[in-house]
Amino acid sequence: MAKKKKPRNKKYSSTKLFQGGATGAQNRQKIADIDKNNKQSFSDLVAPLLADTQRSGWALNFSNSSNESHKIDTFLSKQGGGVFLYKDDTWPVCPCCQKNMLLLLQLMPEDQPAALQEMSCNEIFQVFVCRYCEPAALAQESEQVPVILRYRIADREAQKSVRFIPGDVPDRSEVLDNMAVFNDYPGATERPLLGVELTEQQSWLMAQAGYPKVGNKLFGWPRWMHNIGWHRCPECGELLTPLLQLQPSASLYLDWGLKTGLFYLSVCAQHRYQYQGLWQSLEKTLQMASLAAISQPLENQ
C-alpha cells in the first residue's frame, strides 16, 4: 500500500513579496499612503507650531547642456563656464592659494526671486569657490570654504570678452533649468535658537515630511549634514541669513569631495558683502557618528 505523502509546508521567499504583480503594487501603495499620512500629520500637528519660522525657498534645477555656447555665454544663470566680467575686472583669485577660482553659481537678475533681487539690488549674483583648497585642510572645526561673492550690473557694453576663461578653469557648465518655490522649516540646529521645542514624535514627523528641504535651493533653511552654526555679521551683529545650499555638479571638476558633500552660503540681510561659505562632507558625518557610537557606552558606565 502506497504511503500517503505528507502535506508540504509552503515556504515564501521574502524577496518575492516585494516583486512585481499585485503584491508589489500593494506594497508601493502602502509606502505612498504612509508618506502621505506623515505629511498630513506634520501639516496638522507640527506646522502650526513652526508658523512663525516658516520661510520660502526656491529649488534650483540644472541641466547638463552640451551646447558649446553655454560655456562661454556670460548672460546665463548657471554653474561653471564663462562668467560676466567688466572690461577692467580680473578673474577671481583664491585668497589662500592665489589660484583662479571656479564659478559655483551665477544668477541673472531676471531669474532671481524677489528676496534675492532685493539683496542683490537687481544685479547679477555670482559665487566663486577655490578648486584646490580642501575645506577640511583649511579649518577642521568650522569647515569654511574660500569663497568670493560678487554683484555686477548687467551691462553688455561694459562686459569683458565672453571667451575670457582662464586655462586652468574647466569650461564645462550646467545651465539653470527651472526654479520652484516651496515652504521650508528650520532643523534641529536652528530651532533652539528660535525658541522652538519639539517632542521626539514631532521631530520624527518633520523629518518624514522632508523638512528642512534637501537638494539645491535658495533661501529656506539649511539641511545640515551635521550640526554647525553661522557667524554673526561683524557690522550689525545679526546672524547671517541662509541663502544658498548647493551640491556642486560633477562636471565642475572640483578637487574636494564634490560627490559626498554640500556647500552652504549665508549673507547678512543688511550688509550684502558680509558672508560665510561652508562645506560639509559625508565622510566627516560618518566619522562623527562613529565617534558618538563609541563614546555612548562609555558615558553610560
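## A walk through the fold, starting from a salt bridge

Arg272 and Glu123 form a salt bridge in which the closest N and O atoms are 3.3 Å apart. The two partners belong to distant parts of the chain, since Arg272 sits in the loop between E9 and strand E10 (275-281) while Glu123 sits in the loop between H3 and E4, and 149 residues separate them. Glu123 has a relative accessible area of 14%, and because buried means under 20%, Glu123 counts as buried. The model in which this pair is seen is a predicted one, and local features are described here only where pLDDT is at least 70.

With that pair as a starting point, the whole protein can be surveyed. The protein contains six helices and ten strands, and of its 301 residues 44% are buried. Among the contacts with a separation of 6 or more, 72% are between residues 24 or more positions apart. The protein exposes about 17,100 Å², and 51% of this area is supplied by carbon and sulfur atoms.

The interior is the next stop. The largest nonpolar core has 40 residues, and those with the most contacts inside it are Phe125, Leu218, Leu243, Leu244 and Phe263. At least two residues of this core come from each of several elements, including strand E1 (55-63), helix H3 (114-120), strand E4 (124-129), strand E8 (241-246) and strand E9 (261-267). Strand E3 gives the most to this core, with five residues. Leu244 shows how such a residue is surrounded: leaving aside its neighbours within four places in sequence, Leu244 is in contact with Leu60, Leu105, Lys217, Leu218, Phe219, Phe263, Tyr264 and Leu265. Apart from this core lies another one, of eleven residues, among them Phe42, Leu50, Tyr185 and Leu198.

One of the contacts of Leu244, Lys217, leads to another salt bridge. The side chains of Asp184 and Lys217 meet at 2.8 Å, N to O, and this pair also links distant parts of the chain, with Asp184 in strand E6 (residues 174-184) and Lys217 in strand E7, 33 residues apart. Asp184 has a relative accessibility of 0% and therefore counts as buried, and Lys217, at 1%, counts as buried too.

In total the structure holds three salt bridges, and the one still to be visited joins Asp89 to Arg152, with the closest N and O atoms 2.9 Å apart. Because Asp89 lies in the loop between E2 and E3 and Arg152 lies in strand E5, the pair ties together parts that are 63 residues apart in sequence. Both Asp89 and Arg152 are buried.

From Arg152 the path goes on to Gln126, which touches Arg152 along with Val83, Phe84, Leu105, Gln106, Ile148, Leu149 and Arg150, when residues up to four places away in sequence are not counted. Gln126 is found in strand E4 and is buried, with a relative accessible area of 0%. Its side chain makes a polar contact with the side chain of Gln106, at 3.0 Å.

Phe84, one of the residues that Gln126 touches, is also a contact of another glutamine, Gln159. Gln159 is found in the loop between E5 and E6, and at 14% relative accessibility Gln159 counts as buried. Leaving aside neighbours within four places in sequence, Gln159 is in contact with Thr74, Phe75, Phe84, Leu85, Tyr86 and Lys87.

The last part of the tour turns to the surface. Pro95 lies in the loop between strand E2 (78-79) and E3, and with a relative accessibility of 56% Pro95 counts as exposed. Although Pro95 and Val147 are 52 residues apart in sequence, their C-alpha atoms are 8.7 Å apart in space. Elsewhere, Leu193, Leu194 and Leu239 form a nonpolar patch on the surface, and together these residues have about 290 Å² of accessible area. Leu239, which belongs to the loop between E7 and E8, is partly exposed, with a relative accessible area of 37%.

Notes: Residues are numbered from 1 along each chain as its sequence is written. This is a predicted model: local features need pLDDT of at least 70, side-chain atom pairs count only at pLDDT 80 or more; totals for chains, interfaces and linings use all residues. Side-chain values use heavy atoms; hydrogens and water are left out. A nonpolar core is a set of buried Ala, Val, Leu, Ile, Met, Phe, Trp, Tyr and Cys residues joined through side-chain atoms within 4.5 Å. Buried means under 20% relative accessible area, exposed over 50%, partly exposed in between (1.4 Å probe, protein chains only). Helices (H or I, at least four residues) and strands (E, at least two) are DSSP runs, numbered from the N terminus. Contact means heavy atoms within 4.5 Å. A polar contact is a pair of N or O atoms within 3.5 Å; within protein, one must be able to donate a hydrogen and the other to accept it, and residues adjacent in sequence count only if both atoms are side-chain atoms. Patches are made of residues with over 30% relative accessible area and no salt bridge: like charges are joined within 9 Å, nonpolar side chains (Val, Leu, Ile, Met, Phe, Trp, Tyr) within 5 Å. Accessible areas come from the Shrake-Rupley method with a 1.4 Å probe; for residues, only the protein chains shown count as cover. A salt bridge is a side-chain nitrogen of Lys or Arg within 4 Å of a carboxyl oxygen of Asp or Glu.
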